[in-house]
Amino acid sequence: MSNPLDAAVLSRIDRLEIEARQFVDGYLAGKHRSPRQGLAVEFAQHREYAPGDDVKHIDWAVYARTKRYFMKQYEQETNLVAWVVVDASGSMAYASAARSKYELACAAAAAMAYLVLQQADTVGVSLVANGVRAFLRPSGQSNQLREACRVMAAGPFPDGTGIARGVDELAGRTGRRGIVFVFSDLLDDAPEILAALQHLRYQKHEVVLFHTLDAAELDFPFRQTTLFKGLEGMPEVLTDPAGVRDGYLKALHAHIDSIESGCRRLEIDYVRLRTDADLGHDLAAYLQKRHGR
């Protein structure tokens, strides 16, 4: 696989930001709220003055009303820890045109990693395919984006199947809570996928699911008798597309609806990406929508 960094995509999102919509854990100064109480940027509450406290944090307006000393407490702002999780199973290699689903997922993942690192936050990477196949610990170092691209270049794995097991395994390894971006074609059982995503939510992570699909999978444009090659151990099937098109699209939309409804229930953002669409436009549209909430 070639370098997933796409200059055209990066130019569309370069001026945008990713901010956590929930409390995150962290230790460095950044843009994101932490559940730890301290004397930092955003006001949270008052507490009574205790000997030894810095008097510059006394709320004199409250003192004027009550004649008692109260200290202003603030929510610490910390760095965000983000994870990009890429489905590297065999089905992600499918491409009806120039770009495969895996290449689309990696380009989107690299763009999000770039954005996270640009705002002085940290990012980690994991490839999943019937388990965790590659793992790069979060870092904000200058070479982290290059390392992330190197890790993604290892996939996809022809023998890899499904993401549910890998995401579930990763949920136990991510450490302190942050935001997890998942990129996958979701060709796995919907209940198992949602159970794995629920594990991430149970760990207090914010989750964004990018559903990466090939244009032919969504539109099923086949007209003549076609040999469909099996992926991830499935057999080849020679069939008349006209005879199976309606049933295929009905099953696909039922699967997507199940995933989307599960994401709403778990308060997970669901974003669909197509291999034939403008990735920069789609990512920018999501980030702007997210910022406007």
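## Close-ups of a predicted model

**View 1. Helix H3, end to end.** At 1.5 Å a residue, the 18 residues of H3 should span 26 Å, and that agrees with its end C-alpha atoms, which sit 26 Å apart. (The expected span is 1.5 Å times one less than the number of residues in the helix; helices are DSSP runs of H or I with at least four residues, strands are runs of E with at least two, and both are numbered from the N terminus.) This is a predicted model, where local features need pLDDT of at least 70 and side-chain atom pairs count only at pLDDT 80 or more, while totals for chains, interfaces and linings use all residues. Residues are numbered from 1 along each chain as its sequence is written, and side-chain values use heavy atoms, with hydrogens and water left out. H3 is largely enclosed by the rest of the structure, since 16 of its 18 residues are buried (buried is under 20% relative accessible area, exposed is over 50%, partly exposed is in between; 1.4 Å probe, protein chains only). Just past the helix, alanine 120 takes a positive phi of about 65°.

**View 2. Two nonpolar cores.** The largest nonpolar core holds 49 residues, and Met152, Phe181, Phe183 and Phe210 are the ones touching the most other members. (A core here is a set of buried Ala, Val, Leu, Ile, Met, Phe, Trp, Tyr and Cys residues joined through side-chain atoms within 4.5 Å.) Helix H3 (residues 101–118) supplies the largest share of this core, with 15 residues. Apart from it lies another core of 29 residues, including Trp83, Ile163, Ile193 and Tyr270. In soluble globular proteins, nonpolar side chains tend to be buried together.

**View 3. Threonine 212 in strand S8.** Threonine 212 belongs to S8, which covers residues 206–213. With a relative accessible area of 0%, this threonine is buried. Leaving out residues up to four places away in sequence, threonine 212 touches Met92, Lys101, Leu104, Ala105, Phe183, Ser184, Asp185 and Leu273 (a contact means heavy atoms within 4.5 Å).

**View 4. Glutamate 217 and its polar partners.** Glutamate 217 is part of helix H7 (residues 215–219) and counts as buried at 13% relative accessibility. Its side chain makes a polar contact of 2.7 Å with the side chain of lysine 101. A polar atom of the glutamate 217 side chain also lies 2.9 Å from the backbone nitrogen of aspartate 214. (A polar contact is a pair of N or O atoms within 3.5 Å; within protein, one must be able to donate a hydrogen and the other to accept it, and residues adjacent in sequence count only if both atoms are side-chain atoms.) Beyond four places in sequence, glutamate 217 touches Tyr94, Lys101, Leu187, Tyr248 and Leu252.

**View 5. Phenylalanine 220, following H7.** Phenylalanine 220 sits in the loop between H7 and strand S9 (226–228). Phi there is near 45°, a positive value in a residue other than glycine. Phenylalanine 220 is buried, with 5% relative accessible area.

**View 6. The loop between H4 and H5.** Proline 156 is in this loop, and the peptide bond leading to it from glycine 155 is cis, with omega near -5°. Phenylalanine 157 is found in the same loop, between helix H4 (144–152) and helix H5 (164–171). Phenylalanine 157 is buried at 15% relative accessible area. Its contacts, not counting residues up to four places away in sequence, are Ala88, Ser89, Gly90, Leu127, Ala129 and Arg133. Leucine 127 is 30 residues from phenylalanine 157 along the chain, with 9.7 Å between the two C-alpha atoms.

**View 7. Asparagine 130, between two strands.** Asparagine 130 lies in the loop joining strand S5 (122–128) and strand S6 (132–139). Its phi is near 55°, again positive in a residue other than glycine. At 37% relative accessibility, asparagine 130 counts as partly exposed.

**View 8. Glutamine 198 on helix H6.** Glutamine 198 lies in H6 (residues 190–202) and is partly exposed, with a relative accessible area of 41%. Outside the residues up to four places away, glutamine 198 touches Arg265 and Leu266.

**View 9. Where to hold back.** The chain averages a pLDDT of 84, and 80% of the residues score at least 70 (pLDDT is the predictor's confidence in each residue, from 0 to 100). Over residues 23–30, pLDDT stays under 50, though the model has 37 contacts for them beyond four places in sequence. Residues 32–44 are also below 50, with 60 contacts in the model beyond near neighbours in sequence. Where pLDDT is low, the predicted coordinates should not be read in detail.
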